[in-house]
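Dear colleague,

I am handing over the structure you asked about, and below it I have set out what was found. Please keep it open beside the text as you read.

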Amino acid sequence: MAHPKTERTLVIVKPDGIQRALIGEIIKRYERTGLKLVAIKMIIPTEEMIEEHYLLDPDWKKAVGEKAIASYVKKGEKPPSSDPIEVADSVVVSLKKYMSSGPVIAMVWEGGHAVESVRKITGSTEPRSANVGTIRGDFVLDSYQMADNDTRAIRNLIHASGSVSEAEKEIPHWFKPNEIMKYRVPHEATLYNADMRDILG
Ligand code: GDP
Ligand code: MG
């Protein structure tokens, strides 16, 4: 198995993140953990790119629908449908509109447990219930209820791969191999080297 320090994850600053002028704040939060930025670009995605992106994982639809329904139930509210696939289908329609509405910034971050670390810093899908201290918890306040009420996607600033296998499919969808940089930064020695004997020369 590859060393966990080589793990990579895809992050996209969604159109609302760019509009809110949060690019620097978002990058800062990932960068300060020691994760390394290895690819970055600004693009206006097409609706096709977005549909393909979300359907790369065949299990995603069922999971997204179930998560939404559970969130309503937990708050004692009625979900728009009890069928997860039906919920997910309308989410896909809304996501295509939302994600292609303006420029986004796509990035690849690399480092120890990159997928898990980035998800932890990003926070859970619904900003209403995302923990304080996470990007989604601190900078935005949308909810399933408000988004579904207005037939739009939840605006939560960021996409971040949900698992290592999702990241492995998503990264090549957004970046060619030669757009991903291989380079070293000095702090990797402190983060990952087996000993720190070089400090005193
Ligand atoms: P993520 O991995 O935390 O981004 O969440 P998912 O992969 O489950 O969903 C993808 C994106 O779809 C989310 O980031 C939201 O923007 C949006 N979304 C997810 N579930 C719902 C929903 O039930 N209703 C609406 N309106 N949008 C949703
Ligand atoms: Mg996801």
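Let me begin in the loop between α8 and β4 (158–160), which is where Thr151 is found. Please bear in mind throughout that this is a predicted model. The phi angle of Thr151 is near 45 degrees, which is a positive value in a residue other than glycine. Thr151 has a relative accessible area of 59%, and because the cut-off for an exposed residue is over 50%, Thr151 counts as exposed.

The loop between α8 and β4 also holds Leu157, whose phi is near 70 degrees, again a positive value in a residue other than glycine. Is Leu157 buried or exposed? Leu157 has a relative accessible area of 0%, so this residue is buried, the cut-off for that word being under 20%.

The ligand

Ligand 1 sits in the largest pocket. There are 18 residues around ligand 1, and those that come nearest are Trp60, Thr125, Arg152, Ile154 and Asn156. For three of these residues I can give you a distance to the ligand, and it is worth finding each one on the screen. In the case of Thr125, an N or O atom of the side chain lies 2.5 Å from an oxygen atom of ligand 1. Arg152 takes part through its backbone, where an N or O atom is 2.6 Å from a nitrogen atom of ligand 1. Ile154 likewise takes part through a polar backbone atom, which lies 2.8 Å from an oxygen atom of ligand 1. Taken alone, ligand 1 exposes 550 Å², and the protein buries 97% of that area.

Which helices each supply at least two residues of the shell around ligand 1? They are α4 (60–74), α5 (84–99) and α8 (144–149), and the largest share, four residues, comes from α4. If you sort the residues of the shell by character, you will find 10 that are nonpolar, two that are polar and six that are charged.

Residues in the helices

Helix α4 is also where you will find Tyr72, which has a relative accessibility of 5% and therefore counts as buried. Tyr72 and Tyr144 are 72 residues apart in sequence, while in space their C-alpha atoms are 7.7 Å apart.

In helix α5 you can look for Ser94, which is buried, with a relative accessible area of 10%. The side chain of Ser94 reaches the backbone oxygen of Ser90, at a distance of 3.1 Å.

The last residue to look at is Arg136, which is found in helix α7 (residues 135–139). Why does Arg136 count as buried? Its relative accessibility is 4%, and the cut-off for a buried residue is under 20%. Arg136 and Arg29 are 107 residues apart in sequence, and the distance between them in space, taken from C-alpha to C-alpha, is 12 Å.

As you go through the model, you may like to compare Thr151, which is exposed, with Leu157, which is buried, since both are found in the loop between α8 and β4.

With kind regards

Terms used: Residues numbered from 1 in each chain as written. Chains lettered and ligands numbered in written order. Predicted model: local features only at pLDDT ≥ 70, side-chain atom pairs only at ≥ 80, totals over all residues. Heavy atoms only, no water. Near = heavy atom within 4 Å. Polar contact = N/O pair within 3.5 Å; in protein donor to acceptor, adjacent residues only side chain to side chain. Areas by Shrake-Rupley, 256 points an atom, 1.4 Å probe, with all protein chains shown as cover. 1 Å grid on protein atoms, 1.4 Å probe; cavity = no way out; pocket = protein on both sides within 12 Å on 5 of 7 lines; lining within 4 Å. Sits in = over half its atoms within 2 Å of the grid points. Nonpolar A, V, L, I, M, F, W, Y, C, P; charged D, E, K, R; others polar. Buried < 20%, exposed > 50% of the residue type's maximum accessible area, 1.4 Å probe, protein only.
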